Amino acid sequence: MKRNKLIVEHIYDFELLGFVAPVKDYKMAWIINNALGLKLAKTEDYKLEFINGDNLCISQFKCEKENGFLQLLKNKSFILDTNSLYLIPELKIFDYFLLIQDFTSEVDINDYIERLSGNGLIQNIVKLDIDKIKSKENLLTY
């Protein structure tokens, strides 16, 4: 019998910032809201189920915009009885990720970084290249 193989190619049309900030998730959302004039709000936790049976439950905050959205994701799962504790295991150094999807050219990532860098609770901010992240599929929400 002839077999067909389905090849799925995802489109990663968003920017990604990584944060080193050892603060609670609600405090991080508050810092971003104040620095950038946003309204990130707590939404249902982001749940991932892997084929091997592991589960991740990630805290998330979202801000819907006219032409896209911003999503703050905590890197570490709050379910501690799993083998994979991190949303992006190869980037364990980061506490949070800010996913920015805007279909207009209004977003200036460098301006975001500059404004957020002024906060003493954020130790480091890095613009990440999505194509170089091995576990980038974990960032896709459906």
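How much accessible surface does the chain have, and what percentage of this surface belongs to carbon and sulfur atoms? In this predicted model, the accessible surface of the chain comes to about 9100 Å², and 50% of that area belongs to carbon and sulfur atoms. Of the 142 residues, 44% count as buried. Among contacts in the chain with a separation of 6 or more, 63% are made by residues 24 or more positions apart.

Two helices and eight strands make up the secondary structure of the chain, and from the N terminus on these elements follow the order β-α-β-β-β-β-β-β-α-β. Six of the strands form an open sheet in the order E2-E5-E6-E7-E1-E8, with antiparallel pairing. The edges of this sheet are strand E2 (41-42) and strand E8, each of which pairs on one side only. Within the sheet, E5 and E6 run antiparallel and are joined by six bridges, and Lys 65 has Gly 68 in E6 as its bridge partner. Strand E3 (residues 46-49) pairs with strand E4 (residues 55-58) in the antiparallel sense over four bridges, and Glu 49 is matched there with Asn 55 of E4 as its bridge partner. The two faces of E3 are unlike in their cover, since Tyr 46 and Leu 48 form a covered face whereas Lys 47 and Glu 49 form an uncovered one.

The largest nonpolar core comprises 24 residues, and those with the most contacts inside it are Phe 19, Met 28, Ile 32 and Leu 72. Two or more residues are given to this core by each of strand E1 (15-20), helix H1 (25-36), strand E5 (60-65), strand E6 (68-74), strand E7 (96-102) and helix H2 (109-117); the most, five residues, come from H1. Leu 72 illustrates the range of these contacts, for, with residues up to four places away in sequence not counted, Leu 72 touches Asp 25, Met 28, Ala 29, Ile 32, Leu 40, Ser 59, Gln 60, Phe 61, Tyr 96, Phe 97 and Leu 98. A second, separate core has 20 residues, including Leu 16, Leu 56, Phe 69 and Leu 87.

Helix H2 has Ile 109, Tyr 112, Ile 113 and Leu 116 as its buried residues. Seen down the axis of H2, these buried residues fall within an arc of 95 degrees, and they therefore line one face of the helix. In general, an α-helix has 3.6 residues a turn, so residues three or four places apart point the same way. The exposed residues Asn 110 and Glu 114 are carried on the face of H2 that is turned away from its buried side. Cover for the buried residues of H2 comes from elements that include E1, H1, E5, E6, E7 and strand E8 (124-128).

Polar residues are also found among the buried positions, as Gln 60 and Ser 77 show. Gln 60 is found in strand E5 and, at 9% relative accessibility, lies under the 20% cut-off and so counts as buried. The side chain of Gln 60 reaches the backbone oxygen of Glu 44 at 2.7 Å. With neighbours within four places in sequence left aside, Gln 60 is in contact with Ala 41, Lys 42, Thr 43, Glu 44, Asp 45 and Tyr 46, and also with Gln 71, Leu 72 and Leu 73.

The loop between E6 and E7 holds both Ser 77 and Leu 87. Ser 77 is buried, with a relative accessible area of 2%, and a polar atom of the Ser 77 side chain lies 3.1 Å from the backbone nitrogen of Cys 57. Apart from neighbours within four places in sequence, Ser 77 is in contact with Leu 56, Cys 57, Ile 58 and Leu 85. For Leu 87, which is buried, the relative accessible area is 0%. The C-alpha atoms of Leu 87 and Leu 73 are separated by 8.6 Å, the two residues being 14 residues apart along the chain. Residues touched by Leu 87, not counting those up to four places away in sequence, are Tyr 46, Leu 48, Leu 56, Ile 58, Leu 73, Lys 74, Asn 75, Phe 97, Ser 135, Asn 138 and Leu 139.

Technical notes:
Residues numbered from 1 in each chain as written. Predicted model: local features only at pLDDT ≥ 70, side-chain atom pairs only at ≥ 80, totals over all residues. Heavy atoms only, no water. Core = buried A, V, L, I, M, F, W, Y, C linked by side-chain atoms within 4.5 Å. Buried < 20%, exposed > 50% of the residue type's maximum accessible area, 1.4 Å probe, protein only. Contact = heavy atoms within 4.5 Å. Areas by Shrake-Rupley, 256 points an atom, 1.4 Å probe, with all protein chains shown as cover. Polar contact = N/O pair within 3.5 Å; in protein donor to acceptor, adjacent residues only side chain to side chain. Pairing = 2+ DSSP bridges. Arc of directions from axis to C-beta.
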